[in-house]
Each structure stands twice: as C-alpha cells, then as structure tokens.
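Student: I have a structure to go through, and I would like to understand how its parts fit together. Could we work through it step by step?

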Amino acid sequence: MAYVITQNCCNDAACVAACPVGCIHPTPDEPGFATAEMLYIDPKTCIDCGACADACPVDAIFPEKSLKPEHAAYTELNSEYYAGRTFSPTFPTKAVERLVTSDNALTVAIVGSGPAGMYTAKELLRHPGIRVEMFERLNLPHGLIRYGVAPDHPATKSVVRQFRWSPEKERRFRLNVNTEVGKDVSHDELVDRFNAVIYAHGAFGSRRLDIPGAELENSIGAGEFVGWYNDHPDYRAAPISLSGKRAVIIGNGNVALDMARILLTYPLGDSTISEVEIVARRGPENAAFTTPELLALTHIPGLDVIVDPADLTGSPGDRKMQLLRTIAETVPTPGSRRIILRFNATPTEILGGGHVEGVRTSAGILDANLVIHAVGFHGRAIPGVPFDNERHVIPNIAGRVVDPLTGEPLPAVYTVGWIKRGPSGVIGTNRTCAQETVGSLLADQRAGALATLVRR
Ligand SMILES: Cc1cc2nc3c(=O)[nH]c(=O)nc-3n(C[C@H](O)[C@H](O)[C@H](O)COP(=O)(O)OP(=O)(O)OC[C@H]3O[C@@H](n4cnc5c(N)ncnc54)[C@H](O)[C@@H]3O)c2cc1C
Ligand code: SF4
Ligand code: SF4
C-alpha cells in the first residue's frame, strides 16, 4: 500500500522535500519538472509514512486505500510514471545558506500579490534581515488563485494557506492593496525607495484570434469570462450573455476545460447553455489539456464528454490518447449536458449579424451563441520597466531584468512568475521560479550589488 498523488496537484514540490525516502518525482532539479502535468509517487519505494500528505497545501495526496472512486485511476497514473525509469537513492547535500541578517538588512518591493509574488515573499522572509513591501492593484491579494482558479476547485484555492506568515514575519511584511505600479506609484519611485524591486504582475490579458467577426457581441476572451465568473473587479460587469444552447471555446488547454465545466455545471444566473464545443486546430496527439483535468471531466454526473472516434486514428499513444479512446467508445446518455472535444478544425470566421451565431471552421460551421477565445494570455508593460513586445514578458536572465538593448542586467530589478516566463505553468511552478529569482537577488546582495541603506 502506498500514497498516491491525485488531480489537485499544483506542482509546488512541497512533498518532495518532506519525503524521507525520495520517492516523489520529477523533483525541481530533474529534467521534465517544468513541463510535468503533476508529480508522482513511486509505490515500490513509498514507506507509507504520510509526511507528503501533511506537507501538501492542496490536499492532493491520499493513502491508496482511502482514494475516492473518481481518483482510482491515479494509482496507475502514479506507478506508470516509474515504468522504465530509475532514480538514484542518494540525495544531493544542501549547501549551507548564508542568511541576510540585521547587519546587512534589505527592504524589497514586490509588485503583484499572485502566487509568484507570494512565493517570493515567503522565500525572502526566511531571512530575518529582509523586509518585504508588496504592491497590488486590486483590493484583494492572491491574483489568479482568487480570480483564475475555478470556483468549484476550493482545494486548489486553499493553497493560499501557505501565505500566512508567523507573527515575526508578519511584522516584516506589508501589503499595499489598491496600488497600481505604473499609475499610483512609479518604477523610479520604487527603485529609489527600495534595495530591490521584483516584478510579479502576471499575464492575465486575453489573446484573441485575429479572424473576421472576432469583435461581434458575445465573442469574448477567456480572461473576461473567467474574470466574470470569479467576480474580478475588471470583469464583473462584462456584457456576457448565456442565453441560447451552445457555446464554442476556441483552444483546448486546461482553462478551456475549466470554462466548459463551469458553463455546464456551475450555477451561472439564468444560463441556458447545455452544450459546449471545444475546438482545436491540431489533432488529439497535440491536445493542450492535461490528463488529470480530462479524467476529472469524465466523473461529473449528468455531463458527457464526446470525442469523434474518427479523430483518433494512428498509434495507441500515451495515457491521454488512451483516455480519449475510452471516451470515444462511451455511449452518451440521452438528455445529458455535453462537452464535445473537436480536433483538426481551424476557426476562420465568427459568424453573426451583431451577435454571435456560429463559427466557420476548416471542418464546417458550428452553431454558437457564445464564443470564447482560449488561445492564451499575455503580460502588460509597466512604464519604465523593460518589456519584450513580442513575447509579452519582462526580458530577464534567471530573474534579473535585463536591458533589451545591451542584454546587461539592470541593477536591483528582478522579475518572477508569468510576467517572467510567459503564461504557462501551474501555481506550484511559481515556487521554483521564485527560488531562482531570490537566488539571483541574494547572490547580487552578497556581491555588494544592492545598496545597503534604504532611503525612506
Ligand atoms: C483561468 C486560469 C485558471 C487557472 N487554474 C489553475 C489551477 O486550477 N491550478 C493551478 O495550479 N494553476 C492554475 N492556473 C495557473 C496559475 O493561476 C498561474 O500559474 C499563476 O497565477 C501565475 O502567478 P503570477 O503571480 O505570475 O500571476 P497572477 O496570479 O496573475 O498575479 C499577478 C498579480 O499582480 C497584480 N498586478 C498586475 N498589474 C499590477 C500593477 N501594475 N501593480 C500592482 N499589481 C499588479 C494582479 O492584480 C495580480 O494580483 C490558472 C490560470 C488561469 C489563467
Ligand atoms: S507516504 Fe512517506 S514515503 Fe510515501 S511518498 Fe509520502 S512521504 Fe514519501
Ligand atoms: S501540490 Fe505540491 S505537495 Fe501536493 S502533491 Fe503536488 S507537488 Fe506535492
């Protein structure tokens, strides 16, 4: 009997450090960690001690014998990861860390209070000589944990429990809400007032397909829809109509699956939508959603997932393809709400006279009363801070912001999270990202590159 990691895993690797026998992989220093759908426990090595379950911030780990029926497949999913893989039983010895103390104190500004900003604050506050001041443009903290993660995933949202500090750390931490950097306070002011400034302001701007009809009423970006159902102050009054039967979502990442599920199972005012078609340009072998998120959809009562078997030609493929085949073979229940996963259909035009009525694709016309563009997100520039206008990120090397013209690091300016890497990776990915940025900052501090006195 072993412990098993299940759907909620957000890859923060807190369990890796807790495990006494090193049987959770991939670890942050192993290849594949950055792109892993989740972490996995090796059932052959697990000694059933439960330390990982205690460390997990989102309650994703359970003893195999207490798995809920909808998590039964995770036993195999965990053990499958170890087929043909071997891991060294030895552990790397940790270098002894030099802490920042009151002798070499620093005050650091963090812009943005999402997971990236919070993991960064957490890393910094481990050093007794570091004070953190955080700036957040909204009136509440936690970024997309509050305003992106779906409301029917409270366990994932509970990750914020990690961002409550001890009273001693609380005294060294200040959060300024309703304070937009670039508007209420400038980059120059921050650079002037703090030993270091870290940009963690995310990338929640919606990308839209540039096709005719994209501007029609009820053709909206994923950010608008997600923000609307999560009561994000920027989007709570967005003009979104859920009358009519069908919605089409363009793009098939996890956010698309989230939105389809919420549309069909969550009480959304007087919504009459009963069918959602998720359309992707490429085939199922390139599907962007992860296996755990697809698996979760198949366990919702009254909801059918439909896949056309004709889309699943070719080799048996990986676990995701096998799951798609099982779905394709399942007979839909009459009268149930439906999510249709459509592949190999490139949208070319959104149709309608004023209001959306359909989507023309390379595979035919799809009826639609609502069209959501789920083709990615982009970051926004803050005046005075370097910005890569093609990748929509802050140019950086290991979190040190660089001058785009010279490629040289700017003194004492850093970045972390989606605005550093681009809009990919789950909540926990920002933890290792924060460790990298804080590592760069501390190395600069040791090299004397940060001013020692704070002018305030
Ligand atoms: C719809 C959606 C659903 C998701 N669901 C999950 C999930 O279920 N599980 C999971 O693990 N991951 C999920 N993710 C991914 C996860 O949310 C991201 O990895 C994470 O939020 C990125 O963190 P961040 O801190 O870089 O950005 P954000 O979370 O966006 O935080 C940035 C913060 O900066 C603030 N800000 C912006 N501009 C300024 C400014 N000028 N001045 C001051 N403050 C500013 C913003 O208001 C925000 O609070 C989801 C993402 C999306 C988009
Ligand atoms: S139960 Fe113990 S041994 Fe097993 S994975 Fe968790 S921490 Fe490691
Ligand atoms: S959320 Fe973190 S602690 Fe929990 S299983 Fe995933 S990596 Fe481990």
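**Domain contacts and ligand site**

Tutor: In this predicted model, 12 residues of domain 1 are in contact with 14 residues of domain 2.

Student: Where do those domains run along the chain?

Tutor: The chain is divided into domain 1 (3-81), domain 2 (102-204 + 379-446) and domain 3 (209-373).

Student: How far apart are the centres of domain 1 and domain 2?

Tutor: Their C-alpha centres are separated by 28 Å.

Student: And what area is buried between domain 1 and domain 2?

Tutor: About 980 Å² is buried between domain 1 and domain 2, and carbon and sulfur atoms give 54% of that area. On the side of domain 1, C10, D12 and P57 lose the most area to domain 2; together they account for 43% of what that side buries.

Student: How many salt bridges does the rule find across that interface?

Tutor: The rule finds one salt bridge across the interface of domain 1 and domain 2. As for polar contacts, three residue pairs are counted between domain 1 and domain 2, both residues of each being at pLDDT 80 or more. The side of domain 1 that touches domain 2 consists of seven nonpolar, three polar and two charged residues.

Student: What is the N to O distance in the salt bridge of R161 with D59?

Tutor: The closest N and O atoms of R161 and D59 are 4.0 Å apart.

Student: Changing topic: which residues come nearest to ligand 1?

Tutor: There are 33 residues around ligand 1, and E136, L144, W418, G425 and I427 come nearest.

Student: Which atoms of E136 and W418 are involved?

Tutor: For E136, an N or O atom in the side chain lies 2.6 Å from an oxygen atom of ligand 1. For W418, a backbone N or O atom is 2.9 Å from an oxygen atom of ligand 1.

Student: What about V426?

Tutor: A polar backbone atom of V426 is 3.4 Å from an oxygen atom of ligand 1. Ligand 1 exposes 1000 Å² when taken alone, and the protein buries 92% of that.

Definitions and conventions:
Residues are numbered from 1 along each chain as its sequence is written. Chains are lettered from A and ligands numbered from 1 in the order in which they are written. This is a predicted model: local features need pLDDT of at least 70, side-chain atom pairs count only at pLDDT 80 or more; totals for chains, interfaces and linings use all residues. Side-chain values use heavy atoms; hydrogens and water are left out. Domain bounds come from an automatic or database domain assignment. Contact means heavy atoms within 4.5 Å. Buried area is the accessible area (1.4 Å probe) that two parts lose on being put together, summed over both. A salt bridge is a side-chain nitrogen of Lys or Arg within 4 Å of a carboxyl oxygen of Asp or Glu. A polar contact is a pair of N or O atoms within 3.5 Å; within protein, one must be able to donate a hydrogen and the other to accept it, and residues adjacent in sequence count only if both atoms are side-chain atoms. Ala, Val, Leu, Ile, Met, Phe, Trp, Tyr, Cys and Pro count as nonpolar, Asp, Glu, Lys and Arg as charged, and the others, Gly among them, as polar. A residue is near a molecule or strand if one of its heavy atoms lies within 4 Å of it. Accessible areas come from the Shrake-Rupley method with a 1.4 Å probe; for residues, only the protein chains shown count as cover.
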